[in-house]
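Got the viewer open? Here is a walk through the chain, with something to select at each stop.

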Amino acid sequence: TAYHLSCLNDSSEMTPEKTLLFIAAYASLCLFKPAASASVSSNCDSGLKAANDVLKARLDTLEKIVTAAISNFPGPKGEKGVNGPTGNIGLRGPVGPHGKSGTAGTKGEKGESGTKGDPGLQGSPGQKGEAAPSEAASKSQLLATYTRWGRTTCPSEADKIYDGIVGGDHYKHTGGGTNYLCMPKNPIYGEIKSGSHAYIYNAEYETNQFSSRSGAHWQDDVPCVVCGVKNKTSLLMIPARNVCPSGWRREYHGYLMTEAAIHAHPR
């Protein structure tokens, strides 16, 4: 036991390993202390006192080492601090590299028309035009038109332009148009305004009393057709005749018809 104490006492530096060994030796001294011999007991007490002093000094040194080691370990994470004040705006950085071109945008709305520009310079003369058509060619382009009442077809040498229904004003009205009209079956209506109007009605047959000449018709619509004849320059309707003068060609013939004499607006 004294040998172990002497070895520990001779140590000039105290390390954690040596300190643990010294504490173990001191514990052994206490456990195996002899009690039979007085001289041995006296020596043991002296040795224990010296060992106790050395142990105290070593424990002080160990406490300092442990305290220093503990102070170097980081403590627990603290709570989040409040945000600091906003700093000053930094200096403007250098201009970055040119980026890639973006995709094309949608087509914008059509802009307003600009102001009328000044007249341009006079252009160069154009090419010479074609010669005027001959008299025969001009004549072939002529077209004489007429209305054939009471029919839907034209004579064999004429072309039908359109057919329709005879129309005019009401037989009890005192105003309105005078002549009958050949109204097409597919009219195109223009803008209608409010106010006073004139009216157009379809004409009707009432010839049941004259069936021997014109056929028996009672309130039947009166048809009509507009015809065109090429290479003709004039047309003429001759009343009370069914034969044309010399040099004229008859297109069709028939009976003159009008409203009854008792109607308010006779033709």
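A residue counts as buried here when its relative accessible area is under 20%. By that cut-off, 15% of the 267 residues of the chain are buried. Keep in mind throughout that this is a predicted model.

**Colour by confidence**

Start with pLDDT colouring on the whole chain. The mean is 76, and 72% of the residues reach 70 or more. Now pick out the two extremes among the elements: helix H1, residues 2-9, has the lowest mean pLDDT at 40, while strand E3, residues 181-184, has the highest at 95. Select residues 1-12 next: the pLDDT is below 50 over this stretch, and beyond near neighbours in sequence it makes 12 contacts in the model. Do the same with residues 19-38, where the pLDDT is again below 50; there you'll find 22 contacts beyond near neighbours in sequence. Where pLDDT is low, the predicted coordinates shouldn't be read in detail.

**Switch to cartoon**

You should be able to trace five helices and seven strands. Going from the N terminus, the order is α-α-α-α-β-β-β-β-β-α-β-β. How far along the sequence do the contacts reach? Of those in the chain between residues at least 6 apart in sequence, 63% join residues at least 24 apart.

**Into the core**

Show side chains for Val166, Cys182, Ala203, Tyr205, Val222, Cys224 and Val226. These seven residues are the largest nonpolar core. Centre on cysteine 182 and look around. Setting aside neighbours within four places in sequence, cysteine 182 has contacts with Thr147, Trp149, Tyr162, Gly164 and Ile165, and also with Cys224, Val225 and Val226. One of those partners, Val225, leads you on to another group: a second, separate core of six residues, whose members include Tyr146, Val225, Cys227 and Val229.

**Over to a pocket**

Now bring up a surface. Rolling a probe the size of a water molecule over the atoms shows where empty space is left. Stop at the second largest pocket, with a volume of about 330 Å³. For its lining, select Ile165, Met183, Pro184, Lys185, Pro187, Ile188, Tyr189, Ile192, His197 and Ala198. What is the make-up of that lining? Its residues split into eight nonpolar, one polar and one charged.

Stay on alanine 198 for a moment, since it is part of that lining. Alanine 198 sits in the loop between E3 and strand E4 (201-202). Is it buried or exposed? Alanine 198 counts as exposed because its relative accessible area is 61%, and the cut-off for exposed is over 50%. Draw a distance from its C-alpha to that of histidine 170 and you get 9.6 Å, although the two residues are 28 apart along the chain.

**Past the last strand**

Finally, move to the segment after strand E7 (223-230). Asparagine 231 is found there. Check its backbone: phi is positive, about 65 degrees, though the residue isn't a glycine. Most residues other than glycine have a negative phi. Asparagine 231 is partly exposed, with a relative accessible area of 39%.

Alanine 240 lies in the segment after E7 too, and is another non-glycine with a positive phi, about 60 degrees. Alanine 240 is exposed, at a relative accessible area of 81%.

Last stop: histidine 253, also in the segment after E7. With a relative accessible area of 48%, histidine 253 is partly exposed. Add one more distance, C-alpha to C-alpha, to proline 239. The two residues are 14 apart in sequence and 9.7 Å apart in space.

Definitions and conventions. Residues numbered from 1 in each chain as written. Predicted model: local features only at pLDDT ≥ 70, side-chain atom pairs only at ≥ 80, totals over all residues. Heavy atoms only, no water. pLDDT = per-residue confidence, 0-100. Helix = DSSP H or I, 4+ residues; strand = E, 2+ residues; numbered from the N terminus. Contact = heavy atoms within 4.5 Å. Buried < 20%, exposed > 50% of the residue type's maximum accessible area, 1.4 Å probe, protein only. 1 Å grid on protein atoms, 1.4 Å probe; cavity = no way out; pocket = protein on both sides within 12 Å on 5 of 7 lines; lining within 4 Å. Points joined across faces, edges and corners; volume = space filled by probe spheres on them. Nonpolar A, V, L, I, M, F, W, Y, C, P; charged D, E, K, R; others polar. Core = buried A, V, L, I, M, F, W, Y, C linked by side-chain atoms within 4.5 Å.
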